[in-house]
Amino acid sequence: MTNSNTPKRPLGQGHTVHRYDEGIKQLRDMVLELGTSARKELKLVSEALTDCDSNKAHKVVTQVNDLRNLILQADEDCMELIAMHNPVAGDLRLILALSKCICEFERISNQANKIARIAVKSIGNGSGSGSANNNSRGLLYDVSRISAQALKMMDLSLDILSSESVDLAVELVQSDDDLDDLFAAAIRHLSTYIMEDPRMIGQVIETVLVLKSFEKIGDHASNVGERVIFAVTGKDVRFINNEQLDQGYLDD
């Protein structure tokens, strides 16, 4: 998608030193690969919950070391670029933003693993949000809605990182409120299970933990949008609310 706030050429390109361009491109590609891997974990663990498939959840748990190796390599490449080329202005903002995105994708992976561990336990025990009884199917209604929204935000974050579209990044940041609203509604819904049957408290607590992890994943995906806005415009929007963004804060 191309729009008025998308750079005419990718950030960090066009230097007289070809090796500098290549280094930044390789770092960007590596961060995208990292995000894509975290996205696969998120999709797999979402399927594990909705399909009550402990094998899928277990697969997420066992893949964690592969992602950690990529994180370490990406961090090392960031430090090497800074040490060798002393980046300034837009280049420095881009490298710092990519470094922050590494952390965001690492945390998304951590949350996906946390959900997977809960799923492995609950499906294995035949209880909790991952089991197949009727009550758990009811609990999964909220899980499926929030996981779908988190996955949608994750997809958008990768699109933004690739396209450097500020308009899409603003859309992503503002969509975090939708996820927060879904989470609040889910908590209200889950409380009815406890009022109707106090024996459900264990399953409800497990489900709340899963929902909270998906909500945090949405936060981290939104943060990727904020990092891209900073890289392209130089403006830090971490503490800017949606109303200010609507009122043209980035146009000043």
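Start by selecting Arg 227: in this predicted model, its relative accessible area is 16%, so Arg 227 counts as buried. Now bring up Glu 104 beside Arg 227. The two side chains form a salt bridge, with 2.9 Å from N to O. Colour the helices and you will see what this pair ties together: Glu 104 sits in helix α4 (residues 89-125) and Arg 227 in helix α7 (residues 201-233), so the partners are 123 residues apart and link distant parts of the chain. Is Glu 104 buried or exposed? With a relative accessible area of 1%, Glu 104 is buried.

**Step back to the whole fold**

Switch to a cartoon view. The protein has 8 helices and 0 strands, and reading along the sequence gives α-α-α-α-α-α-α-α. Next, try colouring by accessibility. Of the 252 residues in the protein, 50% are buried. If you show the surface instead, its accessible area is about 12300 Å², and carbon and sulfur atoms account for 51% of that. A contact map is worth a look too: taking contacts between residues at least 6 apart in sequence, 78% join residues at least 24 apart.

**Helix α5**

Select residues 134-163, which make up helix α5, and pick out Met 153 within this helix. Met 153 has a relative accessibility of 1%, so Met 153 counts as buried. What is Met 153 in contact with, leaving aside its neighbours within four places in sequence? Display Leu 172, Ser 175, Asp 176 and Leu 179, and then Gly 218, Ala 221 and Ser 222: Met 153 is in contact with each of these residues. For a distance label, add Ile 217; its C-alpha lies 8.8 Å from that of Met 153, although the two are 64 residues apart in sequence.

Stay on helix α5 and move to Asp 155. Its side chain meets that of Arg 39 in a salt bridge, at 2.6 Å from N to O. This pair also links distant parts of the chain, since Asp 155 belongs to helix α5 and Arg 39 to helix α1 (residues 18-51), 116 residues apart. Asp 155 has a relative accessible area of 33%, so Asp 155 is partly exposed.

**A network of charges**

The structure holds 10 salt bridges, and several residues are worth selecting as a group. Which residues are linked in a network of salt bridges? Select Lys 43, Glu 47, Asp 51 and Lys 56, and you have the network on screen. Zoom in on Lys 56 and Asp 51, whose side chains meet at 3.1 Å, N to O. Lys 56, at 23% relative accessibility, counts as partly exposed. Asp 51 is partly exposed as well, with a relative accessible area of 44%.

**Last stop: the cysteines**

How many disulfides does a search of the whole structure find? The search finds 0. Select Cys 101 to see one example: Cys 101 is in no disulfide, and the nearest cysteine sulfur, which belongs to Cys 103, is 9.2 Å away. For comparison, a disulfide would need the two sulfur atoms within 2.5 Å. Cys 101 has a relative accessible area of 1%, so this cysteine is buried. Finish by selecting Cys 52, which is also buried, with a relative accessible area of 17%.

Methods:
Residues are numbered from 1 along each chain as its sequence is written. This is a predicted model: local features need pLDDT of at least 70, side-chain atom pairs count only at pLDDT 80 or more; totals for chains, interfaces and linings use all residues. Side-chain values use heavy atoms; hydrogens and water are left out. Buried means under 20% relative accessible area, exposed over 50%, partly exposed in between (1.4 Å probe, protein chains only). Helices (H or I, at least four residues) and strands (E, at least two) are DSSP runs, numbered from the N terminus. Contact means heavy atoms within 4.5 Å. Accessible areas come from the Shrake-Rupley method with a 1.4 Å probe; for residues, only the protein chains shown count as cover. A salt bridge is a side-chain nitrogen of Lys or Arg within 4 Å of a carboxyl oxygen of Asp or Glu.
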